[in-house]
Amino acid sequence: MAPASLLIAIIQARMRVTLCDVGPRDGLQNDRETLAPAVRADLCDRLAATGLPRVEAASFVNPQRVPQMAGAEEVFAALSRRDGTVQAALVLNRRGLDRATAAGADEIHLAYPVTDTFAQRNQNTTVEEAAAGAADMIAAAHDAGLRATATLGAAFGCPFEGRVDPGVVVDHVGRMAAAGADEIMLADTIGVGVPSQVRRLLPAAIAAAGDRPVGLHLHNTRNTGYANAEAGLAHGATVFDASVGGLGGCPFAPRATGNIATEDLVYLLDEEGVETGVDLEALIGVAEWLSSVLGRELPGLVHRAGPFPSGG
């Protein structure tokens, strides 16, 4: 029998994954700079031009709570709409869904934490109420002809309640699958997860999801995000969220810092022989542009180091 590492390499060589850049939403929602809607739309267009199949363009939330996301309708109105790239909207309630649908979002992303304290802080609700609301919004999105992705926040650990029972996460995966979610994401919202957790949780989540794809939304707060992505790739994750430049964080989660950087993840996948369809050089250019717009260096590393030299 071939060694496990060889089997993984064979699987990876034949695999294609779907990437979603959440920089315009998750990357900017907790940033000290608030960018105008036109600039955020420009960021979405630049990301689409790299070949990314999906961009999370805006969040339809209360701008008084998240001022960086004000003007979501203006963002969608200013998009160039490149063929091959889905421009998605994050919503947390039915009002947000109605706004996103009216604004012309291509796809709906909805999210809720799997712990009550975080759900209360983030959405002023309980987990049970949030799960029921998510199920209703999945149905409403489908009625509007839109795909719906459900993200389970704090799936690897909660900033308020600590460790999260994997069984609770798997139960919610099953509930979202039964509600008809087209895709289910497990979010390490505060970047506490390690590969052993991914190896244990992901196969059980995939089994609970049935035929629904399961993916990972990873933060690199404790420098484990890329190791978790590699573990996820080896254990069945086919969708990954990442943020250009490594920006990110949740306004309602203490010490939640940046997502894994999209260009760093693309470099890793390219070198592993996994097809993404993304132009790494172009993506590095977007990270450099965003760094200049924000007036500071971004956390990602590949846009500073560059891709692997081709010769020499």
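**View 1. Over how many bridges do strand 1 and strand 2 pair, and in which sense?** Strand 1 (residues 18–21) pairs with strand 2 (residues 54–60) over 2 bridges, in the parallel sense. Here, strands are DSSP runs of E with at least two residues, helices are runs of H or I with at least four, both numbered from the N terminus, and two strands pair if DSSP finds at least two bridges between them. Look for D21, whose bridge partner in strand 2 is V55. This is a predicted model, in which local features need pLDDT of at least 70 and side-chain atom pairs count only at pLDDT 80 or more, while totals for chains, interfaces and linings use all residues. Residues are numbered from 1 along each chain as its sequence is written, and side-chain values use heavy atoms, leaving out hydrogens and water.

**View 2. Helix 3 packs on the sheet.** Helix 3 (residues 37–48) touches strand 1, strand 2 and strand 3 (86–91), with contact meaning heavy atoms within 4.5 Å. The direction of helix 3 makes about 160 degrees with that of strand 2; axes are lines fitted to C-alpha atoms, for helices over the stretch in contact, and angles run from 0 to 180 degrees between N-to-C directions.

**View 3. Helix 7 packs on the sheet too.** Helix 7 (residues 127–143) touches strand 3, strand 4 (107–113) and strand 5 (147–153). With the direction of strand 4, that of helix 7 makes about 175 degrees.

**View 4. The barrel is closed by 8 strands.** Their order is 1-2-3-4-5-6-7-8, and the pairing is parallel. On average, neighbouring strands of this sheet are turned by 25 degrees against each other, direction ignored.
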